[in-house]
Amino acid sequence: MSAIPRGLSPTTFGAIRPEDIAWTPFAAFPAQVRLAVLVGDPTEPGPYVIRVKVPAGVKLMPHKHPEDRIYTVISGVFYVGRGTRFDASVLTAYGAGSVVVLPGGTAHFHWAQSGEYVSQVTAIGPLGLDYIDPNDDPRALRTAQP
């Protein structure tokens with residue numbers, strides 16, 4: 001996994017204001033998508049909180065995470081579907097303020113269908129992300145490019 005910055009310690013008081021969030025690329029996401037680590041170190045065992053910002057039109061193809069996750073939609077509309085093949089007909093739209101529970105090992109996919117969205121993920125690390133079809137994995141695609 002690529003280097004991910006650490007967030008605030010989950011065991012001491014701290015705060016991050018929205019304007020201070022550090023958005024960075026994440027190798028497992030399409031190039032336009034950004035990740036911000038708010039709490040903890042997602043590469044290590046223990047609690048973490050991240051935010052994911054997905055621009056309009058971007059799709060995250062079917063994948064799984066080993067860890068149980070709780071998504072909170074911060075802004076926009078989060079479209080998520082379950083299954084091992086991308087199928088727009090099974091997407092469900094969740095607006096800002098929605099909470100989505102995704103058990104570990106659940107194959108799913110996302111689409112920023114109606115515009116940019118930001119979701120917040122709360123989980124116990126380490127973070128994992130495995131694409132159902134290895135050809136959809138941006139890490140493999142970037143490695144294969146000359």
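**Overall architecture and polar contacts of selected side chains**

The side chain of Arg-34 comes within 2.7 Å of the backbone oxygen of Ala-31, a polar contact being a pair of N or O atoms within 3.5 Å, where within protein one must be able to donate a hydrogen and the other to accept it, and where residues adjacent in sequence count only if both atoms are side-chain atoms. The model is predicted, so that local features need pLDDT of at least 70 and side-chain atom pairs count only at pLDDT 80 or more, while totals for chains, interfaces and linings use all residues. Residues are numbered from 1 along each chain as its sequence is written, and side-chain values use heavy atoms, with hydrogens and water left out.

Arg-34 belongs to strand β1; helices (H or I, at least four residues) and strands (E, at least two) are DSSP runs, numbered from the N terminus. With a relative accessibility of 28%, Arg-34 is classed as partly exposed, the category between buried (under 20% relative accessible area) and exposed (over 50%), computed with a 1.4 Å probe and protein chains only. Beyond its neighbours within four places in sequence, Arg-34 is in contact (heavy atoms within 4.5 Å) with Trp-23, Thr-24, Pro-25, Arg-51, Val-52 and Lys-53. The C-alpha atoms of Arg-34 and Val-54 are 6.8 Å from each other, although 20 residues separate the two along the chain.

The chain as a whole contains one helix and ten strands. Their order along the sequence is β-β-β-β-β-β-β-β-β-β-α. The radius of gyration is 15 Å, close to the 15 Å that the globule rule gives for 146 residues, so the chain is as compact as a globular protein of that length; the radius is taken over C-alpha atoms, and the rule is 2.2 Å times the number of residues to the power 0.38. Along the principal axes, the C-alpha atoms fill a box of roughly 45 × 35 × 25 Å. Buried residues make up 40% of the 146 in the chain. Of the contacts between residues at least 6 apart in sequence, 70% join residues at least 24 apart.

About 7,700 Å² of the chain is exposed, and 55% of this area is supplied by carbon and sulfur atoms; accessible areas come from the Shrake-Rupley method with a 1.4 Å probe, and for residues only the protein chains shown count as cover. The chain carries 12 positive and 12 negative side chains, the centres of the two sets lying 3 Å apart. In this count, Lys and Arg are positive and Asp and Glu negative, whereas His and the chain ends are not counted; each charge is placed at NZ of Lys, CZ of Arg, CG of Asp or CD of Glu.

Arg-69 is situated in strand β4, which spans residues 69-75. Its relative accessibility of 4% means that Arg-69 counts as buried. The side chain of Arg-69 makes polar contacts with three other side chains: that of Tyr-71 at 3.1 Å, that of Glu-67 at 3.2 Å and that of Tyr-48 at 3.3 Å. When neighbours within four places in sequence are set aside, the contacts of Arg-69 include Tyr-48, Ile-50, Val-100, Val-101 and Leu-102, together with Val-121, Thr-122, Ala-123 and Leu-127. A C-alpha separation of 10 Å is found between Arg-69 and Val-99, which are 30 residues apart along the chain.

Asp-41 occupies the loop between β1 (34-39) and β2 (46-54). Asp-41 is likewise buried, its relative accessible area being 13%. Its side chain forms a polar contact of 2.7 Å with the side chain of Thr-43 and another of 3.4 Å with the side chain of Arg-6. Apart from neighbours within four places in sequence, Asp-41 is in contact with Arg-6 and Pro-47.

Towards the end of the strand series, the loop between β9 (117-125) and β10 (130-131) contains Pro-126. The peptide bond from Gly-125 to Pro-126 is cis, with omega near 10°.

Helix α1 (residues 138-144) includes Arg-139, which is partly exposed at 27% relative accessibility. The side chain of Arg-139 reaches the backbone oxygen of Leu-129 at 2.8 Å. Not counting residues up to four places away in sequence, Arg-139 touches Ala-27, Ala-28, Leu-129 and Tyr-131. The C-alpha atoms of Arg-139 and Val-58 are separated by 16 Å, with these positions 81 residues apart along the chain.
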